Amino acid sequence: MAGDFRAQVEALRPYLIRYASLELRNREAAEDAVQETLLAALAAESSFRGRSNLRTWLTGILKHKIVDSIRKSARERVPEDLDTGDLDQLFDDTGHWREPPQAWPEAALESKEFLAALDECLKRLPARTGQVFLLREHLGFETAEICKELGITPTHCWVLLYRARMSLRECLGKGWLDRR
Amino acid sequence: MKCREAAQLLSQAMDAKLPLWQRAALRLHLAICDACSNFGRQLAQLRRALGKGA
């Protein structure tokens, strides 16, 4: 039976690596986080018993490993610019949008093309900005938790989220949404 | 309120409840500004797209 469990866990490795890669954007860090997740899972087999979905359970463990990994690398990284001057450039001297946002058609957001464009635009964000944004929007952490885990101030957190959102909507708009 | 402030507040509102006076000022601005209304909807659309596990 133990062998079965190991095989089932192992079969989910590719899925977990994709998940962690999106979040960490570093193949090596993603593989490390998944490896730690699988080891933790095998050691905790008895606590899985009775739960219905192995993938959900593993993903839950992986989320914690991802946060650990980001926390570790955050200490080594130079903080990104807190200045919002670059974003203020999107507005003219009177505070109006230079290029007013257009409505995005709901139907387009369901398409594969949109998700591919979103993935591409996410990759263009500065590393920390992208991580904070994904912790918030993809993993659903509260900003207070993100600040605490990454050891950054609430203001810094807020600026990174604002920059991520502004950059993404601009990138997606330029890509194709505004042209439809 | 100018669009520049409204955009920042719309982003903040995605993460925390704004003080009452800011919410009121923002609502007034959105009532007259299509661009910021579109921006606010885009933030919600991004959230939905990623929440689905993109």
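**Exercise 1. Describe the make-up of chain B in this predicted model.**

From the N terminus on, the elements of chain B run α-α-α. The model is a predicted one. Counting the elements gives 3 helices and 0 strands for chain B. For the extent of chain B, take the C-alpha atoms along the principal axes: they fill a box of roughly 35 × 25 × 15 Å. For burial, take the 54 residues of chain B, of which 26% count as buried.

**Exercise 2. Determine how H1(B) and H3(B) pack, and which residues make the contact.**

Step 1. Two packed helices are described by the angle between their axes and the distance between the axes.

Step 2. Helix H1 of chain B covers residues 3-13 and helix H3 of chain B covers residues 34-51; their axes are 10 Å apart, at an angle of about 20 degrees.

Step 3. Angles under 35 degrees count as roughly parallel. H1(B) and H3(B) are therefore roughly parallel to each other.

Step 4. The handedness of the crossing of H1(B) and H3(B) is right-handed.

Step 5. On the H1(B) side, the contact is made by B:Cys3, B:Ala6, B:Ala7, B:Leu10 and B:Ser11. H3(B) contributes B:Ala35, B:Cys36, B:Phe39, B:Gly40 and B:Leu43.

Step 6. Sorted by class, the residues of this contact of H1(B) with H3(B) are 8 nonpolar, 2 polar and no charged.

**Exercise 3. Describe the make-up of chain A and the contact between its domains.**

Step 1. Chain A has 11 helices and 0 strands. The C-alpha atoms of chain A fill a box of roughly 70 × 40 × 25 Å along the principal axes. Of the 180 residues in chain A, 29% are buried.

Step 2. Among the contacts in chain A with a separation of 6 or more, 69% are between residues 24 or more positions apart.

Step 3. The domain assignment divides chain A into domain 1 (2-76) and domain 2 (85-179). The C-alpha centres of domain 1 of chain A and domain 2 of chain A are 27 Å apart.

Step 4. Domain 1 of chain A gives 7 residues to the contact, and domain 2 of chain A gives 10 residues. On the domain 1 side, helix H5 (residues 54-76) of chain A supplies the largest share, 5 residues. By class, that side of domain 1 has 3 nonpolar, no polar and 4 charged residues.

**Exercise 4. Classify the packing of H2(A) against H3(A), and place A:Arg25.**

Step 1. The axes of H2(A) and H3(A) come within 8 Å and cross at roughly 130 degrees. That makes H2(A) oblique to H3(A), because the angle falls outside the ranges for roughly parallel, roughly antiparallel and roughly perpendicular.

Step 2. The crossing in which H2(A) passes H3(A) is right-handed.

Step 3. From H2(A), the contact takes A:Arg13, A:Leu16, A:Ile17, A:Ala20, A:Ser21 and A:Leu24. From H3(A), the residues are A:Arg27, A:Ala29, A:Ala30, A:Glu31, A:Ala33, A:Val34, A:Thr37 and A:Leu38.

Step 4. The contact of H2(A) with H3(A) has, by class, 9 nonpolar, 2 polar and 3 charged residues.

Step 5. A:Arg25 sits in the loop between helix H2 (13-24) and helix H3 (27-43) of chain A. Phi of A:Arg25 is near 50 degrees, which is a positive value in a residue other than glycine.

Step 6. A:Arg25 has 16 other C-beta atoms within 10 Å and is partly exposed.

**Exercise 5. Locate A:Gly151, and state whether this residue is buried or exposed.**

Step 1. The loop between helix H10 (143-150) and H11 of chain A holds A:Gly151.

Step 2. A residue with 12 or fewer other C-beta atoms within 10 Å counts as exposed. A:Gly151 has 10 other C-beta atoms within 10 Å, so A:Gly151 is exposed.

Step 3. A:Gly151 and A:Arg71 are 80 residues apart in sequence, while their C-alpha atoms are 7.9 Å apart in space.

**Exercise 6. Work out what chain A brings to the contact with chain B.**

Step 1. Chain A provides 24 residues and chain B provides 21 residues.

Step 2. On the side of chain A that touches chain B, the elements giving two or more residues are helix H8 (112-124), helix H9 (127-137) and helix H11 (154-175) of chain A. H11(A) gives the most, with 6 residues.

Step 3. By class, this side of chain A has 13 nonpolar, 5 polar and 6 charged residues.

Technical notes. Residues numbered from 1 in each chain as written. Chains lettered and ligands numbered in written order. Predicted model: local features only at pLDDT ≥ 70, side-chain atom pairs only at ≥ 80, totals over all residues. Contact = placed C-beta atoms within 7 Å. Helix = DSSP H or I, 4+ residues; strand = E, 2+ residues; numbered from the N terminus. Nonpolar A, V, L, I, M, F, W, Y, C, P; charged D, E, K, R; others polar. Buried ≥ 20, exposed ≤ 12 C-beta atoms within 10 Å, placed from the backbone. Domains from an automatic or database assignment. Axes fitted to C-alpha atoms, helices over the stretch in contact; angles between N-to-C directions. Parallel < 35°, antiparallel > 145°, perpendicular 65-115°, else oblique. Left-handed = near helix turned anticlockwise from the far one by under 90°.
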